[in-house]
Amino acid sequence: MKPLSISIISLLLLFSCQKDIKPNTKVIVLGTVHFPTKQVNADSIYNILKAVQPDLIVMEADSSVFNSDFTFKKTYDENEYNAILKYIKDEPTVMIRPMGFEGRNAYREKIGIYSEAGFIYNAMYDLFDDGKLSEEHELILNRFDELWEELERYKDTNLVSINQPKVDRLIDSVNSYQYIKAKEIVDSRDEFYYKILGADKDSVTLKSYFKKWVNFEGTQRNDALATNLIKIIEAHPNKTIIALTGFKHRSYIITKLKKKQKTLSIDLKEFHDL
């Protein structure tokens, strides 16, 4: 009986130790803005990279901007690109990887949508101004306005303010109104059977166009960012990884990472808590 008792004790000790093992992969999702504002620019992002000292930087781009060895083939005059270019002069061995929707613009054209759907929102607000919407739909647009204005104010704040759970929750609310509730209005109105010429040069009703646009911008694009980041994390365990993305995508990515946190064995961090 003695060997058995020792085995049981050993197993219990091993299980106890395993429970205390901390994840070795640190992941930071940094919400940014692509173009300089009052308090966010390439230098402010660069300063965070210097503080974090990542092994790997993941960015909202696709493979078309990279050579086969993941050096830049081309760059854009945007905050993230300029920050990374500055950082790799200091740390040339840092790895860079893309997590964006592959061939985003070509895919949009293929399914017949443009990058924006402002003309559909304008049509909704025209109906609102003409008093043709129901009280319920008027309330939706009024609340959407309030949430959008609150979110836009964060563009003029610093990266610490942008990267807060309360902003993530605000983005979730904005997305609910921008995509789900706005689509309820479009789906309920005959005015949106009007046809336009889509990006693929085929005619399409505003209803059909908006359905495809909402699905891509509200779900597919965000899901690609999160899924691609997860694949990169899986391929690079035991590293410090920082993902740079437009701050309106951050909430979706973090939510998906949290669902996979135990499987991936990651320690999900905020840069300002390091």
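Here are some notes on the sheet, the helices around it and the salt bridges of this structure, which is a predicted model.

1. Start with the sheet. Five strands make up an open sheet, and reading across it the order is S3-S2-S6-S1-S7, with parallel pairing. The edge positions go to S3 (95-98) and S7 (266-269); each of these has a single partner strand, so one side of each has no neighbour in the sheet. If you look along the sheet you can see the twist: on average, neighbouring strands are turned by 25 degrees against each other, direction ignored.

2. A good place to see the pairing is between S1 and S7. Strand S1 covers residues 25-32 and pairs with S7 in the parallel sense over four bridges. To find one of the contacts by residue, pick Thr-25: its bridge partner in S7 is Ile-266.

3. Now for two helices that sit on this sheet. Helix H2 (residues 42-52) packs on it and touches S1, strand S2 (56-59) and strand S6 (240-246). The direction of H2 makes about 165 degrees with that of S6. H10 packs on the sheet too, touching S1, S6 and S7, and its direction makes about 160 degrees with that of S1.

4. Helix H9 deserves a look of its own. With 30 residues at 1.5 Å a residue, H9 should span 44 Å, and the 42 Å between its end C-alpha atoms agrees with that. There is a bend, though: H9 turns by about 40 degrees at Phe-216.

5. On to the salt bridges, of which a search of the whole structure finds 14. One of them joins the side chains of Glu-217 and Arg-108, at 2.9 Å from N to O. Glu-217 belongs to helix H9 (residues 206-235) and Arg-108 to helix H4 (residues 104-111), so this pair ties together parts that are 109 residues apart in sequence.

6. Is that pair buried or exposed? Glu-217 has a relative accessible area of 7%, which makes it buried. Arg-108 is buried as well, with a relative accessible area of 6%. The two also take part in a wider arrangement: Glu-60, Arg-108, Glu-217 and Arg-221 are linked in a network of salt bridges.

7. H9 is also tied to H10. The side chains of Asp-223 and Lys-256 meet in a salt bridge, with 2.6 Å from N to O. Asp-223 is in helix H9 and Lys-256 in helix H10 (residues 250-259), so to speak two distant parts of the chain, 33 residues apart, that the pair links. Asp-223 counts as partly exposed at 26% relative accessibility, and Lys-256 counts as partly exposed at 24%.

8. Another salt bridge to check is the one between the side chains of Lys-155 and Glu-152, at 3.5 Å from N to O. Lys-155 has 30% relative accessibility and counts as partly exposed. Glu-152, at 25%, counts as partly exposed too.

9. Last, have a look at Ser-203, which is found in strand S5 (residues 203-205). Which residues does Ser-203 contact, leaving aside its neighbours within four places in sequence? The answer is Lys-195, Ile-196 and Leu-197. Ser-203 and Gly-112 are 91 residues apart in sequence, yet their C-alpha atoms are 9.0 Å apart in space.

Definitions and conventions:
Residues are numbered from 1 along each chain as its sequence is written. This is a predicted model: local features need pLDDT of at least 70, side-chain atom pairs count only at pLDDT 80 or more; totals for chains, interfaces and linings use all residues. Side-chain values use heavy atoms; hydrogens and water are left out. A salt bridge is a side-chain nitrogen of Lys or Arg within 4 Å of a carboxyl oxygen of Asp or Glu. Buried means under 20% relative accessible area, exposed over 50%, partly exposed in between (1.4 Å probe, protein chains only). Two strands pair if DSSP finds at least two bridges between them. Axes are lines fitted to C-alpha atoms, for helices over the stretch in contact, and angles run from 0 to 180 degrees between N-to-C directions. Contact means heavy atoms within 4.5 Å. The expected span of a helix is 1.5 Å times one less than its number of residues. The bend at a residue is the angle between axes fitted to the seven residues ending there and the seven starting there.
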